[in-house]
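The exercises below are to be worked with the sequence and the coordinates open. Each task is followed by a solution in steps.

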2 protein chains.
Amino acid sequence: MVSNQAQLLLPLKKHIEEATFPMTNEEFEPILGHFDVIRRKKHQFVVQEHDQVRNEFWVLKGCLKAYFVDGSGKEHIIQFAQEEWWITDYEAFLKQSQASIFIECIEDCELLTISLENREKLCQEQHRMALFWANKTKFGFLALQKRILSLLKNNAKERYEEFLRLYPSLLQRVPKKMIASFLGVSRETLSRLE
Amino acid sequence: MVSNQAQLLLPLKKHIEEATFPMTNEEFEPILGHFDVIRRKKHQFVVQEHDQVRNEFWVLKGCLKAYFVDGSGKEHIIQFAQEEWWITDYEAFLKQSQASIFIECIEDCELLTISLENREKLCQEQHRMALFWANKTKFGFLALQKRILSLLKNNAKERYEEFLRLYPSLLQRVPKKMIASFLGVSRETLSRLE
């Protein structure tokens, strides 16, 4: 019988199974033991510039944005994350160095967190979890490669249309000025595209 | 005793060990059995737009560029690859769909190739190989995230200086006009930065 806590976290079980193969609740519970649950309010940060980044985050509920602030104080959005997406400052997380970006909740959030140490332990100890991260990272890699192609290749209108196609659910929950920042266009340009 | 063919391919053994843990030659040979060796001359393609992309490539010797051609016929370089780097059209490879880019040898090349089927088979069957791809893709993901940040954040001079810092060896072997294309600047702008 799976505990109440684990019951709440069954989306993670499903998420891991989808990238690997089915598991019993008994197999899931020790994996879950490597994660913690945190809750953050809208506008709270989970990573701030110069922080030591100890954790990767998986969204149970809510929405976040990752961004950097340029010399003139302007915010540039690198990534959004909503339910079942992973987010952190990967450079700082994987190299255990200081953050160069901010990650902020744009809604109240419930997040699972895992430390690099626990992630590597799970990967070393369980074939399933190595397979899980190999598969997940593969598609994350793909998404980033598409983003680079899009930044190099597409004009503002094409980038906006691609965003609509790839992330229709984000359009409903993210303020337009943030979408403009993600696309690298002004709010006024975005208005003309809508 | 490792065969002559395997002897030539020991850099791959070292590459896998560095991301996982040491192995014997007897453990390496069946892994190697999932790869093929191909040789291509300068200017030959390993991927062309609209190809079915069956393979991922690992560079034993030589240098390649991945690029797309825009509506006006202009070439935009997405990635270079030299010894011990992986390259393919990852979207087409992972989704087994048609290529949207070209990958061309800019020197004579010796490459190891692996099909998606063989890569997934190795990942499923061997904990080591799942761990290997989890670790390798992690750092590939990081490199792409840095490239996006750089495209969004840095001006031409900063992008050039970052390129020099990250890839000093490429500067020696890649024509300047290709570096300009990778950085998204004109050849003339690049000359002013040198």
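**Exercise 1.** In which helix of chain B is the place of B:Leu10? Classify B:Leu10 as buried, partly exposed or exposed.

Solution. The model is a predicted one. Step one: B:Leu10 belongs to helix H2 of chain B, which covers residues 10-19. Step two: count the C-beta neighbours of B:Leu10 inside 10 Å, which gives 13. A buried residue needs 20 or more and an exposed one has 12 or fewer, so B:Leu10, with 13, is partly exposed. Step three: take a long-range distance. B:Leu10 and B:Ser169 are 159 residues apart along the chain, and their C-alpha atoms are separated by 22 Å.

**Exercise 2.** Locate B:Glu84, classify its exposure and list its contacts beyond four places in sequence.

Solution. Step one: B:Glu84 sits in the loop that joins E5 to strand E6 (86-87) in chain B. Step two: 13 other C-beta atoms lie within 10 Å of B:Glu84, so this residue is partly exposed. Step three: with residues up to four places away left out, B:Glu84 touches B:Pro11, B:His15 and B:Val59. Step four: B:Gln124 lies 40 residues from B:Glu84 along the chain, with 23 Å between the two C-alpha atoms.

**Exercise 3.** Do the same for B:Ser115.

Solution. Step one: B:Ser115 is part of strand E8 of chain B, residues 109-115. Step two: the count is 16 other C-beta atoms within 10 Å, and B:Ser115 is therefore partly exposed. Step three: leaving aside neighbours within four places in sequence, the contacts of B:Ser115 are B:Arg54 and B:Asn55. Step four: B:Phe57 is 58 residues away along the chain, and the C-alpha atoms of B:Ser115 and B:Phe57 are separated by 9.1 Å.

**Exercise 4.** Which residues of helix H9 of chain B are buried, and what covers them?

Solution. Step one: H9(B) spans residues 176-183, and B:Ile179, B:Ala180, B:Ser181, B:Phe182 and B:Leu183 in it are buried. Step two: the cover over these buried residues includes E5, helix H7 (156-166) and helix H10 (187-193) of chain B. Step three: check the backbone just after H9(B), where B:Gly184 takes a positive phi of about 75°.

**Exercise 5.** Which members of the largest nonpolar core touch the most other members?

Solution. Step one: this core has 65 residues, and A:Leu64 and B:Leu64 touch the most other members. Step two: list the contacts of B:Leu64, not counting residues up to four places away in sequence; among them are B:Val46, B:Phe80, B:Ile103 and B:Cys109. Step three: a second, separate core has 24 residues, including A:Met129, A:Trp133, B:Ile31 and B:Met129.

**Exercise 6.** Describe the contact between chains A and B, then the packing of H6(A) and H6(B).

Solution. Step one: 28 residues of chain B are in contact with 28 residues of chain A. On the chain B side, E5 (75-81), helix H4 (90-95) and H6 each supply at least two residues. H6(B) gives the most, 19 residues. This side divides into 16 nonpolar, six polar and six charged residues.

Step two: the axes of H6(A) and H6(B), residues 127-153 in each chain, come within 8 Å and cross at roughly 25°. Angles under 35 degrees count as roughly parallel, which makes H6(A) roughly parallel to H6(B). The crossing is left-handed. The residues of this helix contact are 16 nonpolar, eight polar and four charged.

Conventions:
Residues are numbered from 1 along each chain as its sequence is written. Chains are lettered from A and ligands numbered from 1 in the order in which they are written. This is a predicted model: local features need pLDDT of at least 70, side-chain atom pairs count only at pLDDT 80 or more; totals for chains, interfaces and linings use all residues. A nonpolar core is a set of buried Ala, Val, Leu, Ile, Met, Phe, Trp, Tyr and Cys residues joined through C-beta atoms within 7 Å. Two residues are in contact if their C-beta atoms, placed from the backbone, lie within 7 Å. Axes are lines fitted to C-alpha atoms, for helices over the stretch in contact, and angles run from 0 to 180 degrees between N-to-C directions. Angles under 35 degrees count as roughly parallel, over 145 as roughly antiparallel, 65 to 115 as roughly perpendicular and the rest as oblique. A crossing is left-handed if the near helix is turned anticlockwise from the far one by less than a right angle, and right-handed if clockwise. Ala, Val, Leu, Ile, Met, Phe, Trp, Tyr, Cys and Pro count as nonpolar, Asp, Glu, Lys and Arg as charged, and the others, Gly among them, as polar.
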